[in-house]
Amino acid sequence: MGEFWLVVLGFVAISAATIVYAKRRAATAMARRYVDAAVPVPQALEVGVKASGSLLHRVAKTGGRLESMSGRAEVIPLGGGAHEWRVRSKDGVVIFQVVPHGGGSRVEGWADEVTIAQFGTTATGIFGLGFALGNALYRALGVPRNPGRLIRRRRRVFRAVLAAQGRAGAGVPAA
């Protein structure tokens, strides 16, 4: 009987650690991060919007046979020469802003919305009940679906802008 409770305790500990880790990753995704690049705002905007597109969009633009399944992000002009665009995926929404900064541009990115993790919903019987309870628990705790994808999308945009800086021959260090 004691072994059963040891297994249950182990399961609860692993589940709690997983939830804490996912919530910390979501906090990392939602934190504002930026890079400074010595490229003009229009170039940083163009490179950033292209890099934030889907993989199929990038493959189609590089001569692959796959066509783009997602449209180009809508760029919203802000005051003072700054621009903003949002990238939606099944994991949440990432917002990017390009603002003039010291002769170049600053690209900022952060997750605005994070999708809540969900188990399958088509199971019936005891599995359906378990999925429903798990979904309710995840909603109550606000467990994110996959915040790592949002972080990787932000990093991909930052790397592309910094690569454009390298192609321009400028040498401003990134923050």
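The legends below describe close-up views of a predicted model.

**View 1. The hairpin of strands β2 and β3 in the predicted model.**
Strand β2, made up of residues 75–77, runs antiparallel to strand β3, which covers residues 83–89, and 3 bridges join the two. Within this pairing, I76 stands opposite E84 of β3. The hairpin has 5 residues between its strands, and in this hairpin G80 takes a positive phi near 70 degrees.

**View 2. The hairpin that joins β3 to β4.**
Strand β4, spanning residues 92–101, pairs with β3 in the antiparallel sense, and the pairing extends over 7 bridges. The connection from β3 to β4 is a hairpin that passes through 2 residues, and S89 has G92 in β4 as its bridge partner.

**View 3. The surroundings of S105 in strand β5.**
S105 belongs to strand β5, which comprises residues 104–114. Its relative accessible area is 0%, and S105 is therefore classed as buried, a term that applies under 20%. The side chain of S105 reaches the backbone oxygen of V39 at a distance of 3.1 Å. When neighbours within four places in sequence are left aside, the residues in contact with S105 include V35, D36, A37, P40, V41 and A44, as well as V98, V99 and P100.

**View 4. The largest nonpolar core, with V161 among the residues that have the most contacts inside it.**
This core holds 24 residues, and those with the most contacts inside it are A44, W85, F96, V98, V107, V157 and V161. At least two residues of the core are supplied by each of β1 (33–37), α2 (41–51), β3, β4, β5 and α5 (147–168). The largest share, 7 residues, comes from α5. Not counting residues up to four places away in sequence, V161 touches A37, V39, A44, V47, G48 and V107. Another core, of 5 residues, lies apart from the largest one, and among its members are I19, A22, A117 and Y138.

**View 5. The second largest pocket and the residues that line it.**
The volume of the second largest pocket is about 200 Å³. Its lining is formed by F11, V12, S15, T18, I19, F119, G134, L137 and Y138. The elements that give two or more residues to this lining are α1, covering residues 2–30, and α4, covering residues 125–141. Of the elements, α1 gives the most to the lining, with 5 residues. I19 and Y138, which are among the lining residues of this pocket, are also among the members of the core of 5 residues shown in the preceding view.

Notes: Residues are numbered from 1 along each chain as its sequence is written. This is a predicted model: local features need pLDDT of at least 70, side-chain atom pairs count only at pLDDT 80 or more; totals for chains, interfaces and linings use all residues. Side-chain values use heavy atoms; hydrogens and water are left out. Two strands pair if DSSP finds at least two bridges between them. Helices (H or I, at least four residues) and strands (E, at least two) are DSSP runs, numbered from the N terminus. Buried means under 20% relative accessible area, exposed over 50%, partly exposed in between (1.4 Å probe, protein chains only). A polar contact is a pair of N or O atoms within 3.5 Å; within protein, one must be able to donate a hydrogen and the other to accept it, and residues adjacent in sequence count only if both atoms are side-chain atoms. Contact means heavy atoms within 4.5 Å. A nonpolar core is a set of buried Ala, Val, Leu, Ile, Met, Phe, Trp, Tyr and Cys residues joined through side-chain atoms within 4.5 Å. On a 1 Å grid over the protein atoms alone, a cavity is a set of points where a 1.4 Å probe fits but cannot get out, and a pocket is an open set with protein on both sides within 12 Å along at least five of seven lines; lining residues have an atom within 4 Å of a point. Grid points are joined across faces, edges and corners, and a volume is the space filled by probe spheres set on the points.
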